[in-house]
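Thanks for coming. I have one structure to go through today, and I will start from the inside and work outwards.

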Amino acid sequence: MKIVIVGLGKVGMTLASELGAEENDITVIDTKADLVEEFSDEHDLMGIAGNGAIYSTQAEAGVENADLLIAVTDSDELNLLCCLIARKAGNCRTIARVRSPEYNGEINYIREELGLAMVINPELTAANEIACDLKYPYAAEVNSFVRNQVELLKFRLPENSALNGLRIADIPSKMKGNVLICAAERGEQLVIPDGNFVLKAGDFLSILGGNTDTNHFIRQAGIKSHRVKNILIVGGSSTAYYLAEILLRSGIHVKIIEKDQVRCDQLSETLPEATVVYGDGTDKELLLEENIQEYESFAALTNMDEENILLSLYAKKSGGQKKIFTKINRIAFDEVVRELDLDTVVHPNSITADRIIRYVRSMKSKPGSNVRTLHKIFSGRAEALEFSIQERSRVTETQIRHLPIRMGTLIACLYRNGKTIFPCGSDRIQLGDNVIVITQKSGLDDIDDILEG
């Protein structure tokens, strides 16, 4: 596919490098000539220095022959204008990043009137993910499939768990629950385990199942879970605003600490049910005055990654069993961050890139087996994908044991007629199934891509 990306910020760079690695023809546009030259040389792609909202710049980038234009500059208005020009000039599909809460209530209208394929808001998407994760305080990651009917939960196995020391093959005889352990991380090693894999305390496990099944399994495993009743948020960012709005609707008490007086006034006016405190959230004495130790959840959502990391580490030591969220925009030191044991790390830019990449793959796939959902898991070292099977292909009507499935790839689940099926070798993928695949191979855009050859 020929794709034009306007804006070489963190999201634009991530999209260009990942989509380029998946054999797409990428052209990037940015006003910073030095940045464009450096990035395009490093990644061996075409770069145009100029204003992406000008027709001549888009024409130079080849928009007339492009399949997709993605506008991810820092300006919502510029992104929308870029998409409007691309639609008129090249009649290609367009995606715009729109972040301001002012536009949020009119997103559907904007998308329809401008003919956009997608409008994405990183801060709102991140807030929705945090709110979803709060339903499972024990989980480090929560990813949903089949319209939230099936969930993939990642958690650390504690010492006192009934799972500690068990072979995966022995779990069904010891515990009830229709779930599948489909990935395990032990230190630096990530595996898609077979039945002989022995679970150990400290492992990060990903389990797949329906909502009721996963909750029941977790209780049997001796992992405590409860409904979170309150949250302390440091930083009055857009993500904090969206998150507070969502949580207040569900009856969760929200307190926000923000050091900018004007922003405090805005939050107090738009979120009258929240408690908004003016002050520096990095001040230890202020955090103690606001009873950080008594909160069941904590979110560090300032615009400084370093502050968020330090705040989360302090919250972890402040007492009580807290669900802790840390917003991080830069991902260059992801391995270091992972070693800090920060509970749940939220990458708004990565979430944005994942959603767009999923859309691109669905454009490339055959109509009968396209990608419906894509989640990067274990810091991007594996992917969880949902395919909708609407036409016969190499994978249908053949027993799974006879399929030449790629190494490091697992057909984890079939969702059929409202039922979750964890397939065995004699099962077959059928028309109408939703198939969830866990893989260490990146770039799959069609169900047949899970096969060798």
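The largest nonpolar core has 40 residues, and within it Ile5, Leu15 and Ile70 touch the most other members. The element that gives the most to this core is helix H15, residues 348-364, with five residues. There is also a second, separate core of 29 residues, which includes Ile231, Leu247, Leu248 and Leu271. I should say now that this is a predicted model.

Back to Ile5. What does Ile5 touch, not counting residues up to four places away in sequence? The list is Gly12, Leu15, Ala16, Ile26, Thr27, Val28, Ile29, Ile70 and Val72. Two of the names from the core, Leu15 and Ile70, are thus among the contacts of Ile5. As background, nonpolar side chains in soluble globular proteins tend to be buried together.

Now the whole protein. It has 15 helices and 22 strands. For 453 residues, a compact globule would have a radius of gyration near 22 Å, and the value here is 23 Å, which agrees. Along the principal axes, the C-alpha atoms fill a box of roughly 65 × 65 × 40 Å. Of the 453 residues, 54% are buried. If you take the contacts with a separation of 6 or more, 61% of them are between residues 24 or more positions apart. The exposed surface comes to about 20,200 Å², with 46% of it supplied by carbon and sulfur atoms.

Next, one helix. H7 covers residues 122-133, and its end C-alpha atoms are 16 Å apart; that agrees with expectation, because 12 residues at 1.5 Å a residue should span 16 Å. Is H7 mostly covered or mostly open? Mostly covered, with nine of the 12 residues buried. Those buried residues are Pro122, Glu123, Thr125, Ala126, Ala127, Ile130, Ala131, Cys132 and Asp133. At the N-terminal end of H7 there is a cap, Asn121, which has a side-chain oxygen 3.1 Å from the backbone nitrogen of Glu123.

Two single residues make a useful pair. Ile207 sits in strand S11, residues 204-210. Its relative accessibility is 0%, so Ile207 counts as buried. Outside its neighbours within four places in sequence, Ile207 is in contact with Glu151, Leu152, Leu153, Phe155, Leu180, Ile181, Thr214, Phe217 and Ile218. Take Leu153 from that list: Ile207 and Leu153 are 54 residues apart along the chain, yet their C-alpha atoms are separated by 5.4 Å.

The other one is Arg392, in the loop between strand S19 (382-388) and strand S20 (409-416). Is Arg392 buried or exposed? At 62% relative accessibility, Arg392 counts as exposed. Again leaving aside neighbours within four places, the contacts of Arg392 are Glu397 and Leu431. From Arg392 to Tyr278 the C-alpha separation is 60 Å, with their positions 114 residues apart along the chain.

Last, backbone angles. Most residues other than glycine have a negative phi. Arg147 is not a glycine, but its phi is positive, about 55°. It lies in the loop between strand S7 (141-145) and strand S8 (150-156). With a relative accessible area of 64%, Arg147 is exposed. Asn417 is another case, with a positive phi near 50°. Asn417 is in the loop between S20 and strand S21 (419-421), and with a relative accessible area of 77% it is exposed.

That is what I have. Questions are welcome.

Terms used
Residues are numbered from 1 along each chain as its sequence is written. This is a predicted model: local features need pLDDT of at least 70, side-chain atom pairs count only at pLDDT 80 or more; totals for chains, interfaces and linings use all residues. Side-chain values use heavy atoms; hydrogens and water are left out. Helices (H or I, at least four residues) and strands (E, at least two) are DSSP runs, numbered from the N terminus. The expected span of a helix is 1.5 Å times one less than its number of residues. Buried means under 20% relative accessible area, exposed over 50%, partly exposed in between (1.4 Å probe, protein chains only). A polar contact is a pair of N or O atoms within 3.5 Å; within protein, one must be able to donate a hydrogen and the other to accept it, and residues adjacent in sequence count only if both atoms are side-chain atoms. A nonpolar core is a set of buried Ala, Val, Leu, Ile, Met, Phe, Trp, Tyr and Cys residues joined through side-chain atoms within 4.5 Å. Contact means heavy atoms within 4.5 Å. The radius of gyration is taken over C-alpha atoms; the globule rule is 2.2 Å times the number of residues to the power 0.38. Accessible areas come from the Shrake-Rupley method with a 1.4 Å probe; for residues, only the protein chains shown count as cover.
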